Amino acid sequence: MTRTERLLKLLQILRSHRLPVSGQTLAGELGVSLRTLYRDIATLQGQGADIHGEPGIGYLLKPGYLLPTLMFTQEELAALLLGLRWVERRTDPALRQAAQNVQGKLRAVLGAEAQAQLEKTPLFAGPAPSMSDDGATARALREAIGDECKVLIDYTDEAGTLSRRTLRPIALGYFDGFQMLAAWCELRNDFRHFRLERISACTRSSERFSGQGGWLLAQWQAYNRQRGIVVQPTQ
């Protein structure tokens, strides 16, 4: 266990207790000496943790203290970086740039130990199939989802039939080589899935579905679970 991991675990132990915990108990759970525990307590206090107590009495973390958002274990850092690398390889330009920005911010604020772990992460996302879309459609749909705004699309299905749909977009899925939109289709009066490369036109409507986005997303998830549906593009 690295020191960063140990400090995080110490905070988690303290958060799980409402009454003071003895130093001996804490040291035993962490597998360290009392001297090391006292140093760790002092480090956390120096970082802003409101820990009350002293040797021989016990320690208590006062309510309201939030765990530092940038204290990660080695595996958590690896998972985070792998996810960012996957986004860089398999999404549209706007999300790729966002992933690069996040990596830059992480390197700027992580402690020296965590930053060294980040640089040594040996996990990489493989090359992605080329995307025919420049990302404009995906970005427009993400914005419409966030604003709970309807969209009008021209869509060509697998059989080559063109149709115009009014949709309430609720989710985007990123797969190798293609992207998929989940939406409530007003033409079919049901949930449907649309491959983005088959959308020839996408226009934001002046109509909104305010307050329904989260509810629709939950209904779509339940709809798929109940039917054991594997998401496929609409016909």
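**Helix packing, cysteines and backbone features**

In this predicted model, helix α4 passes helix α6 in a right-handed crossing. The contact between the two is formed by Q74, L77 and L81 on the side of α4, and by A114, Q117 and L118 on the side of α6. By residue class, this contact of α4 with α6 comprises 4 nonpolar and 2 polar residues, with no charged residue taking part. The axes of α4, which spans residues 74–90, and of α6, which spans residues 112–119, approach within 9 Å and cross at roughly 50 degrees. An angle of 35 degrees or more but under 65 degrees falls in the oblique class, and α4 and α6 are therefore oblique to each other.

Helix α4 also packs against helix α5, which covers residues 93–109, and here the axes come within 8 Å of each other and cross at roughly 150 degrees. Because angles over 145 degrees count as roughly antiparallel, α4 is described as roughly antiparallel to α5. The crossing of α4 with α5 is left-handed, whereas that of α4 with α6 is right-handed. On the α4 side the contact with α5 involves L80, L81, L84, V87 and E88, and these residues meet L95, R96, A99, Q100, V102, Q103 and L106 of α5. The residues of this contact divide into 8 nonpolar, 2 polar and 2 charged. Residue L81 of α4 takes part in the contact with α6 and is also listed in the contact with α5.

With regard to the cysteines, the structure holds 0 disulfides. For C185, the closest cysteine sulfur is that of C202, at a distance of 13 Å, which is too far for a bond, given that a disulfide requires the two sulfur atoms to lie within 2.5 Å. C185 is buried, its relative accessible area being 0%. C202 is likewise in no disulfide, and the cysteine sulfur nearest to that of C202 belongs to C149, 9.8 Å away. In terms of accessibility, C202 is partly exposed, with a relative accessible area of 26%.

Turning to the backbone, positive phi values occur at E148 and at N189, neither of which is a glycine. The phi of E148 is about 50 degrees, and this residue is placed in the loop between α7 (136–147) and β3 (149–156). The phi of N189 is near 55 degrees, and N189 is found in the loop between β5 (178–185) and β6 (190–195). The accessibilities of these two loop residues fall into separate classes, since E148 counts as buried at 16% relative accessibility, while N189 counts as exposed at 57%.

The buried loop residue E148 is also in contact with G213, which touches both E148 and I170 when residues up to four places away in sequence are not counted. G213 lies in helix α8, which comprises residues 213–227, and is itself buried, with a relative accessible area of 15%. The C-alpha atom of G213 is separated by 9.4 Å from that of A171, although the two residues are 42 residues apart along the chain.

Key:
Residues numbered from 1 in each chain as written. Predicted model: local features only at pLDDT ≥ 70, side-chain atom pairs only at ≥ 80, totals over all residues. Heavy atoms only, no water. Axes fitted to C-alpha atoms, helices over the stretch in contact; angles between N-to-C directions. Helix = DSSP H or I, 4+ residues; strand = E, 2+ residues; numbered from the N terminus. Parallel < 35°, antiparallel > 145°, perpendicular 65-115°, else oblique. Left-handed = near helix turned anticlockwise from the far one by under 90°. Contact = heavy atoms within 4.5 Å. Nonpolar A, V, L, I, M, F, W, Y, C, P; charged D, E, K, R; others polar. Buried < 20%, exposed > 50% of the residue type's maximum accessible area, 1.4 Å probe, protein only.
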